[in-house]
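Q: Can we go through this one together? I'd like to start with the charged pairs and then move on to the strands.

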Amino acid sequence: MFLQMTIDNVIYIDSDVESRNQAREYFTGTNGFRLDEAANYAEALEKIKINLYNLIITDDFKGLCFGFFFGIRGFYTGPIVIISDRPQIRARAKKFNFPFSHKIPLQENLARIVNSHKKGDIKTIKALGIQ
């Protein structure tokens, strides 16, 4: 028996408008989740400070995602996932054991992320030792 994880409040961080549109369609369309979006980390930080999210999904922002995780560790300890198609980001995520998913095809990978989260398979910032 595994612990069923709740997922109803997600923030999706990506500078690409089309990716945010696809995420919005996936999360709010058939799945009915509450979704906040941010085009950059400054915008995301403000939202994360005042909202409780079950899951953070972020684009790699050319590697800045790793620093962002350290920046939010004081007030968010929940699950995070990096989405990227850059091999160097995947390698760095693997090295530090960060949850990672390919970006394309986005909606298919979002479904995988949600299913993994529901099973409790996505590590939290706390579990990753980012303190």
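A: What follows covers salt bridges and then a central topic of strand pairing, and the model is a predicted one.

Q: How many salt bridges are there by the rule used?

A: The count comes to 8 salt bridges. One of them joins Glu 37 and Arg 24, whose closest N and O atoms are 2.6 Å apart.

Q: Which parts does that pair tie together?

A: Glu 37 sits in strand S2 (residues 34-38) and Arg 24 in helix H1 (residues 17-30), so the salt bridge ties together parts that are 13 residues apart in sequence. Glu 37 counts as buried, at 16% relative accessibility, whereas Arg 24 is partly exposed at 33%.

Q: And Arg 86 with Asp 60, what's the N to O distance there?

A: The side chains of Arg 86 and Asp 60 meet in a salt bridge at 2.7 Å, N to O. Arg 86 belongs to the loop between strand S4 (80-83) and helix H4 (87-95), and Asp 60 to the loop between strand S3 (55-59) and helix H3 (64-72), so this pair ties together parts that are 26 residues apart in sequence.

Q: Is Asp 60 buried or exposed?

A: Asp 60 is buried, with a relative accessibility of 1%, while its partner Arg 86 is partly exposed at 30%.

Q: What about Glu 108, which residue does it bridge to?

A: Glu 108 forms a salt bridge with Arg 112, and their closest N and O atoms are 2.7 Å apart. Both belong to helix H5 (residues 106-118), where they are 4 residues apart and thus separated by about one helical turn. Glu 108 is partly exposed at 42% relative accessibility, and Arg 112 is partly exposed at 47%.

Q: Which residues are linked in a network?

A: Asp 14, Asp 59 and Lys 103 are linked in a network of salt bridges.

Q: Switching to S3: how many of its residues are buried?

A: In S3, 5 of the 5 residues are buried, so the strand is largely enclosed by the rest of the structure. Leu 55, Ile 57 and Asp 59 are buried on one side, and Ile 56 and Thr 58 are buried on the other, which leaves both faces covered.

Q: Which strands does S3 pair with?

A: S3 pairs with strand S1 (residues 9-13) in the parallel sense over 4 bridges, and Ile 56 of S3 is the bridge partner of Ile 11. S3 and S4 also run parallel, joined by 4 bridges, with Thr 58 partnered by Ile 82 in S4. Between these two strands the chain passes through H3, and this β-α-β crossover is right-handed.

Methods. Residues numbered from 1 in each chain as written. Predicted model: local features only at pLDDT ≥ 70, side-chain atom pairs only at ≥ 80, totals over all residues. Heavy atoms only, no water. Salt bridge = Lys/Arg side-chain N within 4 Å of Asp/Glu carboxyl O. Buried < 20%, exposed > 50% of the residue type's maximum accessible area, 1.4 Å probe, protein only. Pairing = 2+ DSSP bridges. Right-handed = clockwise from strand over helix to strand, strands pointing away.
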